Amino acid sequence: QVQLTESGGGSVQAGGSLRLSCVFSVYTYGRKCMGWFRQVAGKEREGVATLDSGDGLTTYADSVKGRFTISRSAVKNTLYLQMNSLKPDDTAMYYCAAAVSDRGCTPWLISGSGMDSWGKGALVTISS
């Protein structure tokens, strides 16, 4: 089972930027759907962004479009989330997740339900 480790969380003021990183412990062969999700205590988990390793297709939640960018380094076995123009509403625990999928990022995976590998999370706090 691959282990995912997030880093890069922290506290910044509104309008600032952060970059989250997620290192995969081992390289897994095959097409994968990888993504970032976030959760605020007492609320449902929200899908933030996904990336299909097969065709490079990305998806974003409407709330982060134009501000966040998901990317990866295959050489470094790392997934990134660049977050710009941060808002207080972006405050949450951010989780990296992945699943091997020969169909890429299906709606089920984009929702997070089908992801089978999860990191422990990185806390992001945005002050106004």
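## A tour of the two disulfides and one aromatic pair

Begin by selecting C96, a residue that is buried, with a relative accessible area of 0%. The model open in your viewer is a predicted one, and the stops below move from this cysteine to its partner, then to a second cysteine pair and finally to a pair of rings.

**First stop: C22 and C96.** With C96 still selected, add C22, which is joined to C96 by a disulfide with an S to S distance of 2.1 Å. If you look along the S-S bond, the angle about the bond is -75 degrees, and the link of C22 and C96 is left-handed. Now colour the two strands that carry these cysteines: C22 belongs to strand β3 (residues 18-24) and C96 to strand β9 (residues 92-100), so the disulfide ties together parts that are 74 residues apart in sequence. C22, like its partner, is buried, and its relative accessible area is 0%.

**Second stop: C33 and C105.** A search of the whole structure finds 2 disulfides, and the other bond to display is the one that C33 and C105 form, with their sulfur atoms 2.1 Å apart. Here the angle about the S-S bond is 105 degrees, and the link of C33 and C105 is right-handed. This pair, too, links distant parts of the chain, since C33 is in strand β4 while C105 is in the loop between β9 and α1 (107-110), 72 residues away. Both C33 and C105 are buried. With both bonds shown, you can trace the pairing of the bonded cysteines, which is 1-3, 2-4 when they are numbered in sequence order along the protein chain.

**Third stop: F37 and W118.** Next, select the rings of F37 and W118, which make up the 1 aromatic pair counted in the model. The ring centres lie 5.1 Å apart and the planes stand at 50 degrees, so this pair is tilted. The two residues come from distant parts of the chain: F37 is in strand β4 (residues 32-39) and W118 in strand β10 (residues 117-118), 81 residues apart. Turn on the surface to compare how the partners are covered: F37 counts as buried at 0% relative accessibility, whereas W118 is partly exposed, with a relative accessible area of 30%.

**Last stop: R45.** Keep the ring of F37 on display and add R45, whose charged end sits over that ring, 5.9 Å from the ring centre.

Conventions: Residues are numbered from 1 along each chain as its sequence is written. This is a predicted model: local features need pLDDT of at least 70, side-chain atom pairs count only at pLDDT 80 or more; totals for chains, interfaces and linings use all residues. Side-chain values use heavy atoms; hydrogens and water are left out. Rings of Phe, Tyr and Trp (its six-membered ring) pair if their centres lie within 6.5 Å; planes under 30 degrees apart count as stacked, over 60 as edge-to-face and the rest as tilted. Helices (H or I, at least four residues) and strands (E, at least two) are DSSP runs, numbered from the N terminus. Buried means under 20% relative accessible area, exposed over 50%, partly exposed in between (1.4 Å probe, protein chains only). A charge sits over a ring if NZ of Lys or CZ of Arg is within 6 Å of the ring centre and within 35 degrees of the ring normal. A disulfide is a pair of cysteine sulfur atoms within 2.5 Å.
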